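Open the model in your viewer and keep the selection tool at hand. The tour goes from stop to stop, saying what to select and what is there.

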Amino acid sequence: MTADRSGPAFSVHDIPFSTYGSWFGISPVVAEKTYAEDLHLVSHQNGMHAVLSLVPLDPVTGERAGTRVEATPGLLSWTGTDGRIDLAYESPDTVRLRGAGAPLRISAAARTLTPFSGTYFYREPAAEAYVFTSYETGRRYRVSVLSGTVADVFGSQALGSADRGVTVADADGGWEIAVEELDTARPPYVSTAAFGKVVEAARNSFADFVDTVAPWRSAATPAAELAAYVLWSATVRPAGLVTRPGVLMSKHWMDKVWSWDHCFNALALAPGCPELARDQFQLPFDHQDETGALPDSVTHSEVLHNFVKPPIHGWAFGHLRRRLPTPPDRAELSATYDRLERWTEFWLTARRAPGAALPHYQHGNDSGWDNATTFDPERVVVTADLAAFLTLQLRELADLAAHLERPEDARRWTRAAEETQQAMLDQLWTGDRFVARGVDSGDTWGTSSLLDLMPIVLGEHLPPEIGDVLAARIEAHLTPYGLATELPASPHYLADGYWRGPIWAPATILVEDGLRRGGHHRLADEISARFRVLCEEHGFAENFDALTGTGLRDRAYTWTAAAYLLLAEAHAQREGR
């Protein structure tokens, strides 16, 4: 008997149905925090756009049928009282659908067509197919009928406001179609595999992925397969401005690669998918500007430079080097060294005021903790978390320089790391806490934000007495579900306040790692255990209510899935599995 390779079941209300490499998914989520009644084909080329509505119909009345939607990594199904419809990915740009007893209406999600927006629909005589062409995505969506009957065609060649689409129904007991996302044209669709073989191939593709990414999984890590699916299904092939295979943060509305999120995905993928991990780390560096700054984010048709993200990349690359099954060769180390050097020089030049020893953020967005209370008094601020991250990056540069036999560079970076850390302690440590300082005012302040405690990332490099104080303060942030980003007792705490209370994956990983490297193993173990249980019970949301565990905002976030995999793998190794 062969093992069941169908993978975990999940709700498409929370996690889109998609496949590795595809730029579209099947989901009821059609915009930020917007859920449609029916599933849609939602593309992430040129932004997030719901293109096609997929509506099962009652075979007698022709009205929308009530159905139950079920999903596993290889198969999506609508089941109703009169029939069933199945959908599977044949390739990243093609889905196959088949039905029995239940017609399906495929229609343009937008009724209105203007010279610059909407979806035009027509029958394509050369391919004997039906085509929707979308202004928003700049792509075409071709429906080829493989079997069954075309029960209705409506809105073909219509302009202005109209319903546009096609309905397929049974003939000889069923129907089958293919839907492709394409650029301009391609030869008529020809089926090369039976539907069952398409499903089998899709299941095996995911099963092979999870076997490489989480071979250590067991009953003690029950969310590992679903975490792997979140990463696998959010991966897109190179297209537009995405220069490499890229793991989007989500195939909901957070459909970008931000220049710190990618680090956590790279680390989770490194042991099993080393090339994909390397691509995740390097992708934002492909858009590094002339000052050395990384972009805030990258997606299919947009690179944003209005903010940056914190310099955690030295920390991340140090871990990545150790996690890769084959260490980076000299050429890779040299290329990454050059990129990290330019990114570090940006912080040492463009982000240090004249005569200043420490760099500054220009807005909370630069820190990744957009609205943390640390930034309430002022936004252009010197903070201890930034100094700590930069110190670690300088230390990584020193280590890389030593590997590359550049002793003078190694000494220079070591000296800069020591000077930056000492300046952080001299200027921002009060004896019992770290404070932030306004660049313009010179005022200092402390808050109840976990951000103030992030220098714990220095781990073994922190003086033990300071590490002890930070660990005690961090423990005060620990709820039954994990680390609240604002103390729950704070008057500024908000249950769904973004960085003013909810639990976040990156903070969890960075704090847990710093505590462990600093010798605070009991607290690190507790943080790991609570976050793993949180994901097992509440999924992989962008963030979580710190007091109830409820998932908040985008519900299929890859860095949350990556954090679970990292913590679960490390726990399994500690337990000897």
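Two strands count as paired if DSSP finds at least two bridges between them. Helices (H or I, at least four residues) and strands (E, at least two) are DSSP runs, numbered from the N terminus. This is a predicted model, in which local features need pLDDT of at least 70 and side-chain atom pairs count only at pLDDT 80 or more, while totals for chains, interfaces and linings use all residues. Residues are numbered from 1 along each chain as its sequence is written, and side-chain values use heavy atoms, with hydrogens and water left out.

**Stop 1: two small sheets**

Select strand E23, residues 436-438. Two bridges join E23 to E24, and the two run antiparallel. Within this pair, Ala436 stands opposite Trp445 in E24. Now add E22: an open sheet of three strands appears, in the order E22-E23-E24, with antiparallel pairing. Strand E22 (381-382) and strand E24 (444-445) are at the edges with a single partner strand each, so one side of each has no neighbour in the sheet.

Next select E19, E20 and E21, three strands that form an open sheet in that order with antiparallel pairing. Here the edges are strand E19 (257-258) and strand E21 (302-304); each has a single partner strand, so one side of each is left without a neighbour in the sheet. Strand E20 (residues 297-299) pairs with E21 over three bridges in the antiparallel sense. Look for Val298, which stands opposite Val303 in E21.

**Stop 2: strand E3 and its partners**

Select residues 49-56, which make up strand E3. How many of the eight residues of E3 are buried? Seven are, so E3 is largely enclosed by the rest of the structure. Buried means under 20% relative accessible area, exposed over 50%, and partly exposed in between (1.4 Å probe, protein chains only).

Add strand E2 (residues 34-43), which pairs with E3 in the antiparallel sense over five bridges. Ser43 stands opposite His49 in E3. Five residues lie between the strands of this hairpin, and Asn46 takes a positive phi near 65°. Then add strand E8 (residues 104-108), joined to E3 by five bridges and running antiparallel to it. The bridge partner of Ser53 in E8 is Ser107.

**Stop 3: strand E11 and its partners**

Select residues 129-134, strand E11. Five of its six residues are buried, so E11 is largely enclosed by the rest of the structure. Strand E10 (residues 119-124) pairs with E11 over six bridges in the antiparallel sense, and the bridge partner of Glu124 in E11 is Ala129. The hairpin of E10 and E11 has four residues between the strands, with Glu128 at a positive phi near 50°.

Four bridges join E11 to strand E12 (residues 140-147), and these two run antiparallel. Select Thr133 to find its bridge partner in E12, Arg140. E11 and E12 form a hairpin with five residues between them, and Gly138 in the turn has a positive phi of about 70°.

**Stop 4: helix H5 and Trp343**

Select helix H5 (313-323). Nine of the eleven residues of H5 are buried, so H5 is largely enclosed by the rest of the structure. Among the buried ones are His313, Trp315, Phe317 and His319. The buried residues of H5 pack against helix H3 (261-269), helix H4 (274-282), H6, helix H8 (384-403) and H11.

Go on to Trp343, in helix H6 (residues 330-349). Is Trp343 buried or exposed? At 0% relative accessibility, Trp343 counts as buried. Leaving out residues up to four places away in sequence, Trp343 touches several others, including Phe285, Pro310, His313 and Gln393. Contact means heavy atoms within 4.5 Å.

**Stop 5: two cysteines**

Select Cys263 and Cys273. A disulfide is a pair of cysteine sulfur atoms within 2.5 Å, and the structure holds zero of them. The sulfur of Cys263 is 17 Å from the closest cysteine sulfur, in Cys273, which is too far for a bond. Cys263 counts as buried at 1% relative accessibility, and Cys273 is buried with a relative accessible area of 14%.
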